[in-house]
Amino acid sequence: MAKATRDVPTKTDPGIAGPPRARQTIDVGKLERALRKAVDGEVRFDTGSLGLYAQDASNFRQVPIGVVVPRTLDDVVAVHKICHRFDAPVLNRGGGTSLSGETVNEAVVIDHSKYLTAIGELDVDRRLVTCETGVINEVLNRHTGKQGLIFGPDPSTHSRCAIGGNIGNNSCGIHSVQSQLYGPGPRTSDNVEALEVVTYDGARFWIGVNEEEHLDEIIAAGGRKGEIYAGLRDLRDKYADTIRARFHSEKQVPRRVSGYNLDELLPERGFNVARALVGTESTCATVLRAVLKLTPALLERTTVVVEYDDLADAAEHCEEIVERWRPIGLEALDDELIRDQQEQNMHVEDIRELPRLGGGAWLVVQFGADTQEESVGRADAFIEWLTGDKGYARDRIRLARSTQEGGTSEHLWAIREGGLGSTAFPPDGKDHWPGWEDSAVPPDRIGEYVPKLRRVMDRHDIRGAMYGHFGQGCIHSRLSFDLRTADGLATYRAFMEDAADLVVSLGGSVSGEHGDGQQRGELLEKQYGSELLQAMREFKAVWDPRAKMNPGKVVDPYRMDENLKLGTDYNPPRIPLKFAYPEDGGDFAHATLRCVGIGKCRVPQAETTMCPSFQVTREEKHTTRGRARMLYEMLKGDVVTDGWQSHEVKDALDLCLACKGCTNDCPVNVDMPTYKAEFLHHHYKSAKRWRPRHAYAFGYIDQAARLASHIPELANIATRTPGLSQLTKLVAGIDRKRPLPSFAPMTLQEWFARRGGTTNPTGRPVVLFPDTFNNYFHTQVGVACVEAIEAAGWRVVMPEQHICCGRPLYDYGFLDQAERYLHRVLDVLRPELRAGTPVVGMEPSCLAVFKDELPKLLPHDDDAKRLTRNALHFAEFSQTYGIKPPALEGRALLWGHCHQRATGGMSPDRQLLEGMGLEVEDLRGGCCGLAGPGASSPASTTSPWTAVNRPSCPRSATPRTTASSSPTASPARHRSRTPAPAARPCTSPRS
């Protein structure tokens with residue numbers, strides 16, 4: 001339960017300008033009880049939920065009063081009515097990917113993203129679709145795309161941002177050019193037909209567009225809607241001339257999204273109340289449902305990339321390209337962005353697709369059409385114009401078709417969409433933050449804006465790559481602000497004010513799609529003047545007279561240098577650590593800041609490994625982002641107060657499979673498996689915290705297997721006989737529904753010794769690492785690997801002693817023991833390591849330890865570095881040393897092991913299979929969740945993992961060859977001198 005009362009900011013007089021500076025006491029206990037009684041959804045006032053929702057993707061942090069996850073629209077209405085009764089502020093939230101602080105506040109947070117995801121009527125003829133606000137942008141477009149239509153605005157977070165967030169921020173995105181040229185307009189506001197809303201006092205009604213001719217009728221009908229419309233009409237009439245004078249049209253500034261859209265109320269525009277409400281960032285009313293306008297999808301797409309000497313030169317050509325060639329997307333990249341990605345080993349193969357690599361800038365121009373011929377034809381004509389009329393050398397230009405057409409255009413777009421991740425922690429050693437990441441100017445002035453903005457950056461000694469939507473005059477750039485010192489914050493403010501002056505002087509907008517929130521709300525007076533700022537204040541008061549809807553954001557905002565998650569008082573405790581954290585300067589606190597909050601771990605479809613727990617639960621705390629936030633709160637100490645012994649942090653980490661998906665799929669490579677192991681290591685040091693029994697059963701499975709190998713027949717009786725099996729599971733703390741593995745009658749090491757060692761005594765040596773599972777359970781796979789390597793002429797070296805990488809130990813925080821295991825491995829392998837002998841792994845998880853955990857646990861051990869350098873996955877070994885595989889015809893479905901995807905990738909396996917003559921199809925999906933403690937712990941059958949444990953291959957895979965990156969999982973039959981063991985044990989650390 002929450003604390004009985006809480007003081008939160010308020011305004012004693014909502015009519016007075018300025019942010020909430022007074023304090024009011026809210027009876028939180030009664031508020032929580034009232035919400036639980038009225039709401040069918042989930043009401044959360046616990047410490048963990050407060051910590052999870054205290055941040056978004058911005059620089060700001062505000063701890064909410066509580067969180068409600070509504071199941072129905074009626075729930076949302078009920079929350080407003082109850083909060084109105086208790087005078088509690090309200091904030092709406094979708095994916096939480098906002099960059100301006102608009103989705104954090106000291107308020108009751110309503111999370112629409114879990115349940116309010118219904119898509120209603122699709123009217124193809126009128127190009128309209130109705131949906132709830134929690135639906136994901138990309139999910140909606142997949143639905144409408146079947147009819148050849150899309151919702152035009154698609155931010156780079158389109159795979160996980162909610163439509164409600166698009167409406168709140170007035171989002172645009174890469175294809176807002178398409179929406180501008182082929183649809184209703186570039187901004188979300190241009191693509192809205194109607195909204196169903198609820199006001200702070202609980203009034204629920206629809207608002208629309210083009211209602212000027214019905215205005216008197218609506219006002220006469222009375223009620224809260226009539227009252228609001230009357231107030232908006234009066235406000236419009238009062239400020240109409242000033243609005244006309246100061247508001248640039250979307251034709252002049254396609255990305256003008258700052259402030260409130262007061263121009264939509266003008267009579268010549270039709271009195272578009274719904275569009276005026278778009279972009280108000282939850283500060284006026286809550287949107288329940290939206291009727292959205294759609295744009296022709298133009299799904300046949302071709303991309304042309306053009307190199308320039310400088311970004312300003314590239315910018316000069318954008319307006320002409322848009323007007324003459326009507327692309328559906330026009331983006332720019334500068335050389336600093338490319339260098340940042342190269343030095344961080346990001347998008348390495350993709351970057352090689354750029355023409356004249358080493359140039360100063362590139363324009364990425366995308367053409368779309370209904371047919372492939374038309375799309376490619378437009379691209380070819382554009383290239384002919386560039387080389388002919390413009391005199392561009394042909395090697396400055398690259399045409400890339402879509403993947404469906406056998407091209408590589410998706411690789412080029414991956415560079416652009418990876419911009420934020422690659423610029424957050426670039427190689428210059430400074431952290432880069434949002435703030436001025438979203439400015440926009442008229443497209444015909446962006447060539448002028450780029451060098452002038454660079455001069456402002458130089459004047460304040462601030463660095464940052466530039467990229468963005470140059471076809472509409474919008475620049476993205478994370479900058480090297482120092483947000484921890486008084487001098488740094490002074491520079492941050494001075495830069496923001498100078499940059500705002502610059503963009504306003506060019507007729508631009510301080511925000512181009514990310515909204516104002518707290519980040520740029522202070523700057524609106526520079527853009528609009530004091531009179532229009534007062535008009536916006538009155539606009540909010542019409543909707544929210546008590547100033548309780550997301551207070552302190554956009555209008556009457558908090559300062560840009562308060563409520564920071566860093567700030568001058570940021571000084572989290574540092575304790576001795578087990579891992580080195582080289583990317584974070586050895587600082588665990590910095591590691592918890594690595595998450596930039598853009599939520600790629602919240603993608604609902606299992607298309608990448610990250611994050612399997614969210615894909616099932618749809619819970620923020622079971623995302624990589626949520627876990628990073630909880631670790632930050634643990635160190636911050638004002639919400640989560642029991643530090644490394646925190647139950648809330650442990651609960652958030654419980655469903656982390658340590659699949660390492662985040663280390664590869666996360667744009668900033670958050671390493672949650674390492675953070676989890678570090679946390680559990682310290683967590684269980686307390687006498688108050690005891691590991692569960694299954695932690696010892698799984699963590700020390702190598703020791704159990706070692707003992708069982710002396711009496712495998714008796715061990716199998718204990719694990720396979722019904723009564724004894726249940727008793728064994730009870731003692732070990734293993735879920736009774738999970739089958740226990742069978743032990744092989746002979747270990748791989750014993751088989752190797754009995755045959756007299758290798759059959760190639762004069763061949764080149766290679767160490768085959770006898771991991772626990774291939775040594776004690778899946779002996780025949782190990783035999784096959786020995787024979788395959790020897791068939792290539794190599795001399796297999798098999799350690800005689802029991803050794804284990806210790807992979808399961810990390811899952812339970814046994815880091816001291818894991819370190820001892822690694823020292824033993826190094827002791828055994830030292831002669832071969834110093835001789836430069838390659839070490840081949842059969843189980844990807846074991847190799848992942850050598851490539852990942854080993855250098856972080858023993859960063860100064862030279863032999864550890866040698867093992868990391870010499871360790872190779874099985875297919876990687878074949879590729880590295882040019883081993884030609886035997887021929888095999890047919891088709892193969894390739895499923896990648898999570899740990900291998902993160903520590904080498906699947907290219908060697910694909911190339912190996914293709915070298916055999918197989919036609920290879922990569923299977924896409926998340927972590928299978930079938931192995932490790934997530935599938936075998938007592939809670940697994942009552943946890944979401946019962947839904948994760950599902951087949952990963954399509955039904956059509958049945959007649960094909962199914963290939964796995966792990967030889968252990970290979971279904972191929974091999975000649976073996978040992979009896980065939982049972983199926984792969986569920987107690988494998990990862991499969």
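**A tour from helix 12 to a four-stranded sheet**

In this predicted model, begin by selecting helix 12 together with the elements that its buried residues pack against, which are strand 15 (329–334), helix 13 (348–351), strand 16 (361–369), helix 15 (409–417), helix 16 (419–424) and strand 19 (467–468). Now narrow the selection to helix 12 itself, residues 335–343, and colour Glu336, Leu337, Ile338, Asp340 and Gln341, since these are the residues to look for when you ask what is buried here.

Next, move to the start of helix 12 and show the side chain of Asp334, where one of its oxygens comes to within 3.3 Å of the backbone nitrogen of Glu336, a residue that you have already coloured as buried. Then go past the other end and select Asn345, which follows helix 12 and has a positive phi, near 60°.

For the second part of the tour, select strands 21, 22, 23 and 24, which form an open sheet with parallel pairing in the order 22-21-23-24. At its edges you will find strand 22 (794–797) and strand 24 (871–873), each of which pairs on one side only, and, on average, neighbouring strands of the sheet are turned by 35° against each other, with direction ignored.

Zoom in on strand 23, residues 839–841, which pairs with strand 24 in the parallel sense over three bridges; if you pick Val839, its bridge partner in strand 24 is Ala871.

Finally, add helix 34, residues 815–834, which packs on the sheet and touches strand 21 (764–769), strand 22 and strand 23. Viewed along with strand 21, helix 34 has a direction that makes about 165° with that of the strand.

Technical notes. Residues numbered from 1 in each chain as written. Predicted model: local features only at pLDDT ≥ 70, side-chain atom pairs only at ≥ 80, totals over all residues. Heavy atoms only, no water. Pairing = 2+ DSSP bridges. Helix = DSSP H or I, 4+ residues; strand = E, 2+ residues; numbered from the N terminus. Axes fitted to C-alpha atoms, helices over the stretch in contact; angles between N-to-C directions. Contact = heavy atoms within 4.5 Å. Buried < 20%, exposed > 50% of the residue type's maximum accessible area, 1.4 Å probe, protein only. Polar contact = N/O pair within 3.5 Å; in protein donor to acceptor, adjacent residues only side chain to side chain.
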